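Hi,

Here is the structure I promised to pass on to you. Have a look at it first, and then read on for my notes on what turned up.

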Amino acid sequence: MSYKDKLKTELFPTIWCPGCGIGLIMTQLAMVMDDLGLDKTNTVIVTGIGCTGRMGAYMQFDSVYTLHGRTLPVAEAIKTVRPELNVIVVSGDGDLTSIGGNHLLHAIRRNPSITVLCNNNEIYGLTGGQTGPTTPVGTKTVSSPEGATFSPVNLQGLVNTNGNAFYAKTTVYHQGQMRRAIKEAIEWPGFAFVDITSQCIENNGRRIGFPSANEMLNYYKKEYRQAPPGSTQLAYHQLGIVKGKPAEAEPVAVGAGSKNGSGEA
Amino acid sequence: MAKRLLQGNEAVLLGAVKAGATYFAGYPISPSSEILMAASVYAAKHPEFRFLQAEDEIASANAIIGASLAGAKSFTATSGPGFSLMQEAIGYAHKLGVPTVFVDVQRVGPATGMPTMPGQGDILQTRYGSSGDYTSIVFYPSSVAECYEYTIQAFNCAEESQSPVVLLSDAFLGHLNEIVDLDTIDVPIVPRTLEPLASGHTRLFSGVATYPDGEPATADADEFIRQYEEAKERRLEVAERYAFYEYGWNKDAETLVIAFGITRRIAQPLAPHFALFRPIRIWPVLQDQLREIAPRYKRLIVIEGSDGQYASVVERVLYRDVHRVPLLGGRMSLEAVREGLDRIGLLPRDLAEATVS
């Protein structure tokens with residue numbers, strides 16, 4: 001088997017712009033799926049709205065292309081009904097953390113055993129480059145001509161409000177590290193969130209001064225550093241995986257019959 | 001024969017279980033909360049039945065869609081404001097063709113309104129609440145036994161039509177306690193019709209307009225219309241087998257009263273004076289039945305817990321004016337019906353003289 005068997009290559013080229021980072025995520029995900037034996041009989045993909053949401057259409061799996069912001073309730077319910085399945089959510093930062101922010105908050109709390117890959121390009125790309133919840137302060141966008149005003153959402157802090165959860169920070173430049181993060185996230189018994197910094201050259205990068213996607217990738221290479229081994233907290237622009245204590249029992253909220261888990265606290 | 005005292009909301013839960021439901025997600029909201037609570041109690045004793053008290057109604061509505069795709073017959077229960085929050089997901093379920101059941105125990109709106117008082121103001125919301133065109137199927141029982149029966153029918157119809165079906169109730173009906181014998185209600189159960197996720201296919205369940213291969217069809221009117229007509233045809237065809245209604249009382253009277261849900265029960269003392277048409281299938285509107293029955297009567301009166309929502313539908317279907325008795329602000333009582341009839345000069349003399357019991 002090859003990772004290409006996980007992809008509907010007959011639909012290529014994809015809809016994504018030249019230079020987009022999403023394909024780099026899809027390729028690494030497909031490779032991890034190949035390594036772990038994930039196939040259309042044991043795995044479901046759930047995607048949100050935004051450029052990233054198209055990924056499910058390109059993969060050889062049953063895939064649910066949800067409403068904007070609603071990947072997590074759909075994914076959690078699938079995992080509840082079919083605990084034996086691997087449920088992998090792939091979506092963008094706007095979908096997961098802004099319009100879907102309340103679901104993220106509560107999915108973290110309930111700790112379902114699902115994997116979330118967040119294509120974090122710090123912008124609303126599909127709609128033309130408006131400020132997102134992850135846009136750095138001061139970034140000029142088509143909806144913040146004077147620069148973004150508010151601090152980006154603290155995803156690491158949010159995920160780590162649950163002591164059982166898994167948070168990984170990576171970028172599409174750091175392919176090996178991204179692959180490890182995706183693999184460990186899928187294997188994690190509980191909620192696993194992989195925060196993947198990725199370039200949107202067309203609707204963000206060029207506007208903030210990058211001539212090409214290659215320059216953006218080189219910027220990630222220069223700016224991001226691996227966190228020291230054993231770090232329990234990743235600093236700004238540090239790459240790494242922060243794991244909580246693995247949950248011992250099925251999360252309580254997904255099955256009222258269960259008596260253990262963080263949901264009872 | 002096992003007679004028991006049962007509440008309308010609890011009957012909904014029992015009907016769902018009987019229909020084979022194994023997944024409930026919901027958010028507490030009066031006057032529907034007993035369904036959520038009963039579901040949690042049931043789940044605690046039956047591990048195969050999964051229960052989620054979600055963070056809000058948006059999550060609940062999307063969760064039951066995910067659960068249904070995964071293979072479970074699923075449902076949620078809510079009321080006015082929560083039902084409004086679910087509208088986008090209802091449109092999504094229509095787009096995907098997902099069988100699932102939404103229960104709306106109506107209260108007085110808009111907004112937070114009168115949370116514990118009964119209303120029937122969601123008639124048009126159940127038809128047009130989500131954006132775009134879709135074909136709604138909606139049932140509205142009017143007794144505790146019917147809450148049980150039509151919950152089962154709602155699940156059956158959802159499976160056959162592969163669409164979200166709405167079961168309407170209201171604060172009075174949901175909280176009504178009646179003696180029922182559920183063993184006498186025998187509705188065959190329609191099995192699951194949608195092959196569950198991860199059955200070996202590579203399907204794309206997409207809210208976005210797409211071609212069968214998953215490529216976007218977001219600017220192709222022909223493809224859109226083809227898919228829309230196909231879904232509409234299936235739903236209308238299935239709904240024909242669920243054309244439930246009641247036609248009775250004094251059929252020889254000159255005036256036909258149209259009432260549904262709890263309003264039909266409230267209007268019972270009108271029986272000697274009027275004929276009754278009670279739609280149980282609210283949507284698709286019972287057009288053929290109305291067009292057959294209504295011409296026999298000089299006058300039509302729609303008594304309902306909204307300011308003419310169903311009356312306007314009847315007028316449209318019959319091309320004919322109807323008299324309206326709106327019961328607003330939760331004043332759903334025989335007294336309010338009397339006042340309403342008196343206002344339009346159609347109150348029978350002996351009803352005017354009767355004392356309120």
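**Strand 6 of chain A and its neighbours**

T115(A) has A192(A), in strand 6 of chain A, as its bridge partner. Before I go further, please keep in mind that this is a predicted model. That pair belongs to a parallel pairing in which 6 bridges join strand 4 of chain A to strand 6 of chain A. Strand 5 of chain A also runs parallel to strand 6 of chain A, and 6 bridges join these two. Within that second pairing, T170(A) stands opposite I196(A) of strand 6 of chain A.

How many of the residues of strand 6 of chain A are buried? The count is 6 of the 6 residues, 192–197, so the strand is largely enclosed by the rest of the structure. Both of its faces are covered. A192(A), V194(A) and I196(A) are buried on one side, while F193(A), D195(A) and T197(A) are buried on the other.

One residue in strand 5 of chain A (residues 166–171) caught my eye, namely K169(A). Is K169(A) buried or exposed? Its relative accessibility is 10%, and because buried means under 20%, K169(A) counts as buried. The K169(A) side chain makes a polar contact with the side chain of T197(A), at 2.6 Å. Leaving out residues up to four places away in sequence, K169(A) also touches several others, including N120(A), Q177(A), D195(A), Y224(A) and L234(A). Q238(A), L239(A) and G240(A) are among the residues it touches too.

**The sheet that takes in both chains**

These strands sit in an open sheet of 9 strands with mixed pairing. The order is 7(A)-8(A)-5(A)-6(A)-4(A)-3(A)-1(A)-2(A)-10(B), which brings in a strand from chain B. Which strands form the edges? They are strand 7 (225–226) of chain A and strand 10 (204–206) of chain B, each pairing on one side only. Strand 7 of chain A pairs with strand 8 (residues 238–243) of chain A in the parallel sense, over 2 bridges. There, R225(A) stands opposite Q238(A) of strand 8.

Helix 2 (residues 71–81) of chain A packs on this sheet. The helix touches strand 1 (43–47), strand 2 (62–65), strand 3 (86–92) and strand 4 (115–120) of chain A, and its direction makes about 175° with that of strand 3.

**A second sheet, in chain B**

Chain B has an open sheet of 5 strands, again with mixed pairing, in the order 11-13-12-15-16. Its edge strands are strand 11 (245–249) and strand 16 (323–326), each of which pairs on one side only. From one strand to the next, the twist averages 20°. Strand 11 and strand 13 (residues 275–279) of chain B pair in the antiparallel sense over 5 bridges, and the bridge partner of Y247(B) in strand 13 is F277(B).

Helix 12 (residues 309–318) of chain B packs on this sheet, touching strand 12 (255–258), strand 13, strand 15 (299–304) and strand 16. Its direction makes about 150° with that of strand 15 of chain B.

**The largest pocket**

You may want to look at this one yourself. The largest pocket holds about 1200 Å³ of space, and 42 residues line it. Nearest its centre lie H94(B), K95(B), L96(B), G97(B) and Q227(B). Helix 5 (87–96), strand 10 and helix 9 (221–240) of chain B each supply at least two residues of the lining. Which element gives the most? Helix 9 of chain B does, with 9 residues.

**Backbone oddities**

Most residues other than glycine have a negative phi, and most peptide bonds are trans. Here are the exceptions I noted.

- The peptide bond from F12(A) to P13(A) is cis, with omega near 0°; P13(A) is in the segment before helix 1 (22–36) of chain A.
- G109(B) and P110(B) are joined by a cis peptide bond with omega about 5°; P110(B) is in the loop between strand 5 (100–108) and strand 6 (114–118) of chain B.
- N111(A), not a glycine, has a positive phi of about 60°; it is in the loop between helix 4 (101–110) and strand 4 of chain A, and at 2% relative accessibility it counts as buried.
- A111(B), also not a glycine, has a positive phi of about 60°; it is in the loop between strand 5 and strand 6 of chain B, and is exposed, with a relative accessible area of 62%.

Best wishes

Notes. Residues are numbered from 1 along each chain as its sequence is written. Chains are lettered from A and ligands numbered from 1 in the order in which they are written. This is a predicted model: local features need pLDDT of at least 70, side-chain atom pairs count only at pLDDT 80 or more; totals for chains, interfaces and linings use all residues. Side-chain values use heavy atoms; hydrogens and water are left out. Two strands pair if DSSP finds at least two bridges between them. Helices (H or I, at least four residues) and strands (E, at least two) are DSSP runs, numbered from the N terminus. Contact means heavy atoms within 4.5 Å. Axes are lines fitted to C-alpha atoms, for helices over the stretch in contact, and angles run from 0 to 180 degrees between N-to-C directions. Buried means under 20% relative accessible area, exposed over 50%, partly exposed in between (1.4 Å probe, protein chains only). A polar contact is a pair of N or O atoms within 3.5 Å; within protein, one must be able to donate a hydrogen and the other to accept it, and residues adjacent in sequence count only if both atoms are side-chain atoms. On a 1 Å grid over the protein atoms alone, a cavity is a set of points where a 1.4 Å probe fits but cannot get out, and a pocket is an open set with protein on both sides within 12 Å along at least five of seven lines; lining residues have an atom within 4 Å of a point. Grid points are joined across faces, edges and corners, and a volume is the space filled by probe spheres set on the points.
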